[in-house]
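Biologist: I would like to learn how to read a model of this kind feature by feature, beginning with its pockets. Could we take the general idea each time, and then the case at hand?

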Amino acid sequence: MAIFGNDNAELLRQLIAQLSQIGTDVTALKQQAADQQLAIDQIRQDTTAAINTGLTENRAVIRDGLDRTRDTIGDPLTRISTELVAIRGSVNGLDGQLRALGDQAPPAPQTAQEPAPTPRPEPAEQTDSERVVALTEPVDYDPDMPDSAILTAAAGVAHATLEAHRDTWAFLVQTAGNAEHFHIPGAVNDQDGFVEVRLSGPSLVAAIISLAHVTRDTDSPVTRAIADHIQGKITDAVQAIIDRPRIHGPGAAVRITIDDQAQADDDRDEP
């Protein structure tokens, strides 16, 4: 009997049909596997994007919270520190006045029966900080000591921005805090110990005169150097107004920066 006889023809057709169906099923399975892999890849991409977006939003929220905390706590602490410096200067100034009044009080009259009074010891020599505080007491300023043109130009400034280290600002407050017309600003922007404050024209005049008196009267070369340097920076900023006055249109804002630095090596001229 032949292999592909009439009896086996139907069986052969069935086998071919089954093989064709198996091929179709395999192709469908391959397509399903590809679709599932594509779906898995899309899910992975969506998940990664969602995680990254969430982390970015969390960083933004945390950064915003830290900024608000610094604004809420940092500025009041700086303002309190500035006010404490001024209060300490006022208290020390009052103490110096009380000592001066005590030294000037006349001695009580002596009677024949009273024993001779014990000589009072000489008052201890004041420290440099006490001398600076004593100089901050309200005094009759001599308007002719600083240049009158500088004082007049400074008085016309609406506001000037002072940038300096916190210690430099504290020295200025201690020096001019009790001077007439010097107003301690309510807001002090403190960034890592470098403060930025706004001063009015009257405050600039009071600062220039107070610093000039400290430079003239102090016995400490350190105090004199600090006062003279700050006064020079303020005077230079005011001198620019005299040299280049605004004629029309907006002018340049007055900015006093006390942050001297050396020339960078890369910017030096080649010999």
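Modeller: Helices and strands are DSSP runs, of at least four residues for a helix and at least two for a strand, and they are numbered from the N terminus. With that in hand, and bearing in mind that this is a predicted model, we can say that H6 and E4 each supply at least two residues of the lining of the largest pocket.

Biologist: Which element gives the most to that lining, and what is the volume of the largest pocket?

Modeller: Rolling a probe the size of a water molecule over the atoms shows where empty space is left. Here the largest pocket has a volume of about 490 Å³, and H6 gives the most to its lining, with three residues. The lining has 16 residues, and those nearest the centre of the pocket are Ile241, Gly251, Ala252, Ala253 and Val254. By class, the lining is made up of ten nonpolar, three polar and three charged residues.

Biologist: Where does Ile241 lie, and with which residues is it in contact once its neighbours within four places in sequence are left aside?

Modeller: Ile241 lies in helix H6, and, with those neighbours left aside, it is in contact with Val157 and Val254. Because its relative accessibility is 30%, Ile241 counts as partly exposed. Ile241 and Ala154 are 87 residues apart in sequence, yet 8.7 Å separate them in space, C-alpha to C-alpha.

Biologist: Let us step back to the whole chain: how many helices and strands are there, and in what pattern do they follow one another?

Modeller: The protein has six helices and four strands, and along the sequence they follow the pattern α-α-α-β-α-β-β-α-α-β. Of the 271 residues, 24% count as buried. If we take the contacts between residues at least 6 apart in sequence, 76% of them join residues at least 24 apart.

Biologist: How should I read the pairing of strand E1, and is E1 enclosed or open?

Modeller: Strand E1 covers residues 160-165 and pairs with E4 in the parallel sense over four bridges, whereas E1 and E3 run antiparallel and are joined by six bridges. Thr161 shows both pairings, standing opposite Arg198 in E3 and opposite Arg255 in E4, while the bridge partner of Ala160 in E4 is Val254. Five of the six residues of E1 are buried, so E1 is largely enclosed by the rest of the structure.

Biologist: Which side chains of E4 are buried, and which are not?

Modeller: A residue is called buried when its relative accessible area is under 20%. In E4, residues 254-257, the side chains alternate, with Val254 and Ile256 buried on one face and Arg255 and Thr257, which are not buried, pointing to the other.

Biologist: Which residues have the most contacts inside the largest nonpolar core?

Modeller: The largest nonpolar core has 35 residues, and those with the most contacts inside it are Leu162, Trp169, Leu204, Ile234 and Ile256. At least two residues of this core come from each of H3, E1, H4, E3, H5, H6 and E4, and H5 gives the most, with eight residues. Leaving out residues up to four places away in sequence, Leu204 touches Ala154, Val157, Ala160, Leu199, Ile234 and Ile256.

Biologist: What should I look for in the backbone angles, and where do His181 and Asp192 sit?

Modeller: Most residues other than glycine have a negative phi, and most peptide bonds are trans. His181, in the loop between H4 and strand E2, has a positive phi near 75°, and Asp192, in the loop between E2 and E3, has a positive phi of about 55°. His181 counts as partly exposed because its relative accessibility is 48%, while Asp192 counts as exposed because its relative accessibility is 82%.

Biologist: As a last case, which residues does Arg224 touch, not counting those up to four places away in sequence?

Modeller: Arg224, which is found in helix H6, touches Thr215, Thr218 and Asp219 on that count. Its relative accessible area is 30%, so Arg224 is partly exposed. Arg224 and Ala212 are twelve residues apart in sequence and 9.2 Å apart in space, C-alpha to C-alpha.

Terms used
Residues are numbered from 1 along each chain as its sequence is written. This is a predicted model: local features need pLDDT of at least 70, side-chain atom pairs count only at pLDDT 80 or more; totals for chains, interfaces and linings use all residues. Side-chain values use heavy atoms; hydrogens and water are left out. Buried means under 20% relative accessible area, exposed over 50%, partly exposed in between (1.4 Å probe, protein chains only). Two strands pair if DSSP finds at least two bridges between them. A nonpolar core is a set of buried Ala, Val, Leu, Ile, Met, Phe, Trp, Tyr and Cys residues joined through side-chain atoms within 4.5 Å. Contact means heavy atoms within 4.5 Å. On a 1 Å grid over the protein atoms alone, a cavity is a set of points where a 1.4 Å probe fits but cannot get out, and a pocket is an open set with protein on both sides within 12 Å along at least five of seven lines; lining residues have an atom within 4 Å of a point. Grid points are joined across faces, edges and corners, and a volume is the space filled by probe spheres set on the points. Ala, Val, Leu, Ile, Met, Phe, Trp, Tyr, Cys and Pro count as nonpolar, Asp, Glu, Lys and Arg as charged, and the others, Gly among them, as polar.
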